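User: Please choose one part of this predicted model and look at it closely, following what it packs against and through which residues.

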Amino acid sequence: VDKTDKIVEEVYKYIEDHYADSNISLETITAELNISVSYLSMLLKKRKGVTFNKELIKYRMEKAKELLRFSNEKIVNIAKMVGYNEVYYFSHSFKKYEGISPKEFRNHA
């Protein structure tokens, strides 16, 4: 495993460990890994064809889908559990990602 693969792995591990933190950002992770924002952005684009934000949203949405499917948590709580302080913004993001609202998703799950 070369150095760049290791960095990419660390990024995914960081998302996994911190996705519930609403303050997670490209800046927080690059500070943690001690690399520049532009370097990390370029690396993710080149290696995975994605942006950090896209990957973070994807991870959060997949977690939210699990919670909607397998828990009776209120949607407002699920939003917080996956790093959204604002339930409306969560619902908007979820609908953009999944094509239906969290409530509709839960009803069809």
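Analyst: I will follow helix H1, beginning with its neighbour H2: the two helices lie oblique to each other, a word that applies to angles left over once those under 35 degrees are called roughly parallel, those over 145 roughly antiparallel and those from 65 to 115 roughly perpendicular. The model is a predicted one, in which local features need pLDDT of at least 70 and side-chain atom pairs count only at pLDDT 80 or more, while totals for chains, interfaces and linings use all residues. Residues are numbered from 1 along each chain as its sequence is written, and side-chain values use heavy atoms, with hydrogens and water left out.

The axes of H1 and H2 (residues 26-33) cross at roughly 125 degrees and come within 11 Å; an axis here is a line fitted to C-alpha atoms over the stretch in contact, and the angle, from 0 to 180 degrees, is taken between N-to-C directions. The crossing of H1 with H2 is right-handed, that is, the near helix is turned clockwise from the far one by less than a right angle. On the H1 side, Ile7, Glu10, Val11 and Tyr14 meet Thr28, Ile29, Glu32 and Leu33 of H2, where contact means heavy atoms within 4.5 Å. Sorted by class, this H1 and H2 contact holds five nonpolar residues, one polar and two charged, with Ala, Val, Leu, Ile, Met, Phe, Trp, Tyr, Cys and Pro counted as nonpolar, Asp, Glu, Lys and Arg as charged, and the others, Gly among them, as polar.

H1, which covers residues 3-18, also packs on H4 (residues 52-70), with axes 10 Å apart and an angle of about 40 degrees. H1 and H4 are therefore oblique to each other as well, and their crossing is right-handed. From H1 the contact takes Val11, Tyr12, Ile15 and Glu16, and from H4 it takes Phe52, Glu55, Leu56 and Tyr59. In this contact of H1 with H4 there are six nonpolar and two charged residues, and no polar ones. Val11 is thus worth picking out by eye, for it is listed among the H1 residues that meet H2 and again among those that meet H4.

Following H4 onward leads to another neighbour, H6 (87-98). Between H4 and H6 the axes are 11 Å apart and the angle is about 95 degrees, and the two helices are therefore roughly perpendicular to each other. Here Lys58, Met61, Glu62, Ala64, Lys65 and Leu68 of H4 touch Phe90, Ser93, Phe94, Tyr97 and Glu98 of H6. This contact of H4 with H6 divides into six nonpolar residues, one polar and four charged.

As a setting for these packings, the chain has seven helices and zero strands, both being DSSP runs numbered from the N terminus, with helices (H or I) of at least four residues and strands (E) of at least two. Read from the N terminus, the order of elements is α-α-α-α-α-α-α, and the C-alpha trace of the chain spans about 45 × 20 × 20 Å along its principal axes.
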